[in-house]
Amino acid sequence: MNCIHERARIEKTYAQQLTEWAKRWKQLVEKGPQYGTVEKAWHAVMSEAEKVSELHLDIKSALMNEDFEKIKNWQKEAFHKQMMGGFKETKEAEDGYRKAQKPWAKKLKEVEAAKKAYHAACKEEKLAISREMNSKADPALNPEQLKKLQDKVEKSKQDVLKTKEKYEKSLKDLDHVTPQYMENMEQVFEQCQQFEEKRLRFFREVLLEVQKHLDLSNDVSYKNIYRELEQNIKTADAIEDLRWFRANHGPGMSMNWPQFEDEEWSADFNRTLSKREKKKASDGVTLTGVNQTGDQALQHTKHSSHLSVPSNTVQSLQSSYNPFEDEDDTGSTVSEKEDNKIKNVSSSEKNQSYPTEWSDEESSNPFSSTDANGDTNPFDEDASPAMEVRVRALYDYEGQEHDELSFKAGDELTKTEDEDEQGWCKGRLDNGQVGLYPANYVEAIQ
C-alpha cells in the first residue's frame, strides 16, 4: 500500500510539472517571434504536455481509487486484527501447529530424558570400572573397600541396562506417534499454504492491474496524442508562413495611399476637429519607405519618409491601419524630423496663411516643389552644429527621399546632430552631402 501510494504521488507531481511547463512555455511562445504554422507546431508540443499530464493524473487516480483501495479492502477481509495486537489468522496458524506438535513433542521430551539418563549411567559405569582397576593395583587397600568398589561396578552395569531399555522404549513410542504428527502438521501446513496461495494470487492480480494503469503504450488516447502531435508538426510549412508574412507585414499588405480630398470639406472640418481627432485622422496615411539591407532590423520606426498632404487638403478619417508605424505611436502624420525641416522652408511658405486651429506641426509640406527642384536646401540652418563626430556605417543604407543619405557598410561620415526621438541623426558625407540617416546603422569611430 505504501509502495502504490508513493507511486501515485510521483505521478501527481509529474503531471503538475508538465502542466506548469506547458503553461509557461505557451506564454513565452505567444510573446515570442514565432508565427503561422510553426507557431501552431510549438503550441502542439505544449498541448501534448497538457494531455499527457491529464493521463498521468488519471494514473494517479486509478492507483489510489482502485488499486490502493482494493488492497486495503482485501487486507481487512484477509487479516483480522485482535484486541491484544496481531492478526487472528496468525494466531490460528500458530495454534494449529502447536496442537499438531503437542503429542509428538511430549514423546520427544520423554526420549530426551531417557537418553540423558542412559548416557549418565554409561558414564557412571565407566567410572566405577576405572576405580576398581586402580584399587587392585593398590596393596594398601583392604578387602572390604575393594568389595564396595566391585559392588559399585555391578550396580552401574544394571543401571545401564535399565536406562537403555527405557531409552529404547521411548524411541519406539516416539516412532509410533510420528506418522500422526506428520499428518497433523501437514494438514495445518496445507491450510497455511492455501491462505498464502490466495495472497500470492491476489498480489499477482493487483500488480497486473497496476501494470495496466501504468502502461500508456496500449492506451489509445495516448497514441492519439503523439499521432496528432506528429501531424501538427508536419503541417508546418515554411513557404506558407513566408507567404502569410509577406501578405500581412510585407510588400503584399494592403496600403492606404494618400488620396486627393476636397478643399471645401477639409476647411470646415479643420475648425471642428480637436487635436486628438486630428491625430487619429492622420494615422492611416503615414507611409514608410525604409529598405533594410543589413542583418539587423531598425530598432526605431522611421517617420521621415511621411508623405504630407498639401496644405489645402486633410487626410480622410476612415484611414486604415498602417503596419509600418509603431503600435504605441499616436502622434500626427508630420514627424519631428519634418518639424525641423519646416524651420528652413522658404519665406513664401512661412508667410502662407493657415487656419488658426491648425498647429505648426500640421503646416505645409516642407518638401514643396521648390525643394524638389533643388532651389532650397531643407538642411540649411542659421546656427552651426554644436559638435561633429566621425562615425562608420555598420550596414548598407539607401536613402528613400532626397533628404536622406545613402552609404555602404564601412563608409565613414560625420555626425553633425545627435539622435532625435525617432532614432535619426543628421550627418555629412565626405563629398559634402548633408542629410539624415538611422542612428543604429552607424557606430562611433574610436
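## A tour from helix to helix

Begin by selecting two helices in this predicted model: among the elements of the protein, helix H10 (residues 347-350) has the lowest mean pLDDT, 39, and H1 the highest, 95, where pLDDT is the predictor's confidence in each residue, from 0 to 100. Helices (H or I, at least four residues) and strands (E, at least two) are DSSP runs, numbered from the N terminus. Next select residues 265-385, over which the pLDDT is below 50, although beyond near neighbours in sequence this stretch has 185 contacts in the model, a contact meaning heavy atoms within 4.5 Å. Where pLDDT is low, the predicted coordinates should not be read in detail.

Before moving on, note how the model is read: residues are numbered from 1 along each chain as its sequence is written, and side-chain values use heavy atoms, with hydrogens and water left out. Because this is a predicted model, local features need pLDDT of at least 70 and side-chain atom pairs count only at pLDDT 80 or more, while totals for chains, interfaces and linings use all residues.

Now show the whole protein, which has 11 helices and 5 strands and averages a pLDDT of 77, with 72% of the residues scoring at least 70. Of its 446 residues, 31% count as buried; buried means under 20% relative accessible area, exposed over 50%, and partly exposed in between (1.4 Å probe, protein chains only).

Return to helix H1 (residues 2-31) and select Trp-25, which is found there and counts as partly exposed at 34% relative accessibility. Adding Trp-21 and Leu-28 to Trp-25 shows a nonpolar surface patch of about 280 Å². Patches are made of residues with over 30% relative accessible area and no salt bridge, like charges being joined within 9 Å and nonpolar side chains (Val, Leu, Ile, Met, Phe, Trp, Tyr) within 5 Å; the areas come from the Shrake-Rupley method with a 1.4 Å probe, and for residues only the protein chains shown count as cover.

Which residues link helix H1 to helix H2 in a pair? Select Lys-26 and Glu-50, whose side chains meet in a salt bridge (3.2 Å, N to O), that is, a side-chain nitrogen of Lys or Arg within 4 Å of a carboxyl oxygen of Asp or Glu. Lys-26 lies in helix H1 and Glu-50 in helix H2, 24 residues apart, so the pair links distant parts of the chain. Lys-26 is also in contact with His-43, a residue of helix H2 (residues 36-78) that counts as buried at 18% relative accessibility.

For a salt bridge inside one helix, select Lys-169 and Asp-173 (3.4 Å, N to O), which both lie in helix H4 (residues 143-214), 4 residues apart, about one turn of the helix. Here Lys-169 is exposed, with a relative accessible area of 52%, whereas Asp-173 is partly exposed, at 24%.

Continue to helix H6 (residues 238-249), where Glu-240 and Arg-243 are 3 residues apart and so separated by about one helical turn; their side chains meet in a salt bridge (2.7 Å, N to O).

Finally, select Arg-390, Arg-392, Glu-412, Asp-430 and Glu-443 together, since these residues are linked in a network of salt bridges. A search of the whole structure finds 20 salt bridges.

Methods: Lists of a residue's contacts leave out its neighbours within four places in sequence.
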